[in-house]
Amino acid sequence: MHSASDVKWGSQVIFRADVEFSDEIKELDAKIDALYGKWNYYDILPDVSDLLRRRSDVVAPQHLVRESIWSLSEAMIFDPFCGINFSMRGRRYINAGEFELAAADFAVASRLIPENWYVWYHYGLCNLIIGDYDTAEKAYNECAKIPTTQSLTVALLNWRWILLMRRGRKEEATALIKDVDASWDMDGTDNYLRLLRLYKGELTPEEAMTIPNDPEPILSVTTQGFGVANYYRVNGDMENYRKTLDRTLEVGKDEAWMCFGWAAAEYERKRLED
């Protein structure tokens, strides 16, 4: 690849991966290298950006998060006003557990593609985790204005409930989820619906942690684990909050460390030690 040096942003260094890449990645690299020699011709800039973004998509599922971030950072050189690049890199920073950097990317993306539901959703998540509740609430309010599926609406309700409870606005939180129904169609994934039922008192924490016939049990453990941990936290049970974070981290450490729930659990567990 062209420019094998590390990409620096302030004091941070985004290291390149030192691994043997798959043939698919090598083919993408060859195409990108061929275009780099023509970088001063403006008509090829979108092609370079698209290839780098595709490269990011290919390496991320292989747990090469830093390589994915590097690819998107390179893409921004060629297409600095592409909101999708910022949104995608923000999600990769979440995978890496770097929520402040993720929040910065989603802040930019929210200005470039304000109509994008996922941008506001993740912008809210990042600010909720780092403790900027004012910004998180503004992001969630914008997100709620954009039409989406019932499954995504339920996901948003989960985080808005947690945010309101963290802010001590219990009556608003209760009213927010009063119409939640166990019969809602969740497209085969009812992780967040089970958490909302926990908040309503329809399930116990252990019941909320167990999803029958779950096709992705590890993913669910991290999602449910972080949700149940926060349920304990906002209800003042800090002992079970800590224990559930630890349980989530232990179960998901090998396979689920890229999941939001695991990264968020790790972030909050470290803050308990500060």
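Me: A crossing is left-handed if the near helix is turned anticlockwise from the far one by less than a right angle, and right-handed if clockwise; what, then, is the handedness of the crossing of α6 and α7 in this predicted model?

Reply: The crossing of α6 and α7 is left-handed, so by that definition the near helix is turned anticlockwise from the far one by less than a right angle.

Me: What makes α6 roughly antiparallel to α7?

Reply: The axes of helix α6 (residues 117-130) and helix α7 (residues 133-144) come within 8 Å and cross at roughly 160°. Because an angle over 145 degrees counts as roughly antiparallel, the term applies to α6 and α7. On the α6 side, the contact is made by Trp117, Trp120, Tyr121, Tyr123, Gly124, Leu125, Asn127 and Leu128, while α7 contributes Tyr133, Thr135, Ala136, Ala139, Tyr140, Glu142 and Cys143.

Me: How do the residues of the contact of α6 with α7 divide into nonpolar, polar and charged?

Reply: They divide into 11 nonpolar, three polar and one charged. Since Glu counts as charged and Gly as polar, Glu142 of α7 and Gly124 of α6, both of which take part in the contact, fall into the charged and the polar class respectively.

Me: Why are α7 and α8 also called roughly antiparallel?

Reply: Helix α8 (residues 150-166) packs against α7 at an angle of about 150°, the axes being 11 Å apart. That angle is again to be set against the limit of 145 degrees, over which a pair counts as roughly antiparallel, and α7 and α8 are therefore described in this way. Their crossing, too, is left-handed. The residues that meet are Tyr133, Ala136, Glu137, Tyr140, Asn141, Cys143 and Ala144 in α7 and Leu156, Trp159, Arg160, Leu163, Leu164 and Arg166 in α8, and they divide into nine nonpolar, one polar and three charged.

Me: Why is Tyr192 called buried?

Reply: Tyr192, in helix α10 (residues 191-199), has a relative accessible area of 18%, and because buried means under 20%, the label holds for Tyr192. Neighbours within four places in sequence aside, Tyr192 is in contact with Tyr121, Val154, Ala155, Asn158, Trp159, Thr223 and Gln224. Asn158 lies 34 residues away from Tyr192 along the chain, yet their C-alpha atoms are separated by 6.4 Å.

Me: How do you know that the side chains of Tyr192 and Trp159 form a polar contact?

Reply: The distance that joins the two side chains in this contact is 3.4 Å, which falls within the limit of 3.5 Å for a pair of N or O atoms, one able to donate a hydrogen and the other to accept it.

Me: What makes Val180 count as buried, and what does Val180 touch?

Reply: Val180, which lies in the loop between α9 (170-176) and α10, has a relative accessibility of 7%, and since the limit for buried is under 20%, Val180 counts as buried. Not counting residues up to four places away in sequence, Val180 touches Leu157, Leu193, Leu196 and Lys200.

Me: Which class of accessibility does His63 fall into, and why?

Reply: At 33% relative accessibility His63 counts as partly exposed, because the value lies between the limits of 20% for buried and 50% for exposed. His63 belongs to the loop between α2 (45-59) and α3, where its phi is positive, about 70°, although His63 is not a glycine.

Me: How do you know that Val65 and Ser71 of helix α3 are buried?

Reply: Val65 lies in helix α3, as does Ser71, the helix spanning residues 65-78. The accessibility of Val65 is 6% and that of Ser71 is 0%, and as buried means under 20%, the word fits Val65 and likewise Ser71. With residues up to four places away left out, Val65 touches Arg92, Asn95, Ala96, Trp257 and Met258, whereas Ser71, with its neighbours within four places set aside, is in contact with Leu52, Arg55 and Ser56.

Me: Why does Arg89 count as buried?

Reply: Arg89, found in helix α4 (residues 83-95), has a relative accessibility of 6%; because anything under 20% is called buried, Arg89 meets the condition. Its C-alpha atom is separated by 7.3 Å from that of Ala102, which is 13 residues away along the chain.

How values were computed: Residues are numbered from 1 along each chain as its sequence is written. This is a predicted model: local features need pLDDT of at least 70, side-chain atom pairs count only at pLDDT 80 or more; totals for chains, interfaces and linings use all residues. Side-chain values use heavy atoms; hydrogens and water are left out. Axes are lines fitted to C-alpha atoms, for helices over the stretch in contact, and angles run from 0 to 180 degrees between N-to-C directions. Helices (H or I, at least four residues) and strands (E, at least two) are DSSP runs, numbered from the N terminus. Angles under 35 degrees count as roughly parallel, over 145 as roughly antiparallel, 65 to 115 as roughly perpendicular and the rest as oblique. Contact means heavy atoms within 4.5 Å. Buried means under 20% relative accessible area, exposed over 50%, partly exposed in between (1.4 Å probe, protein chains only).
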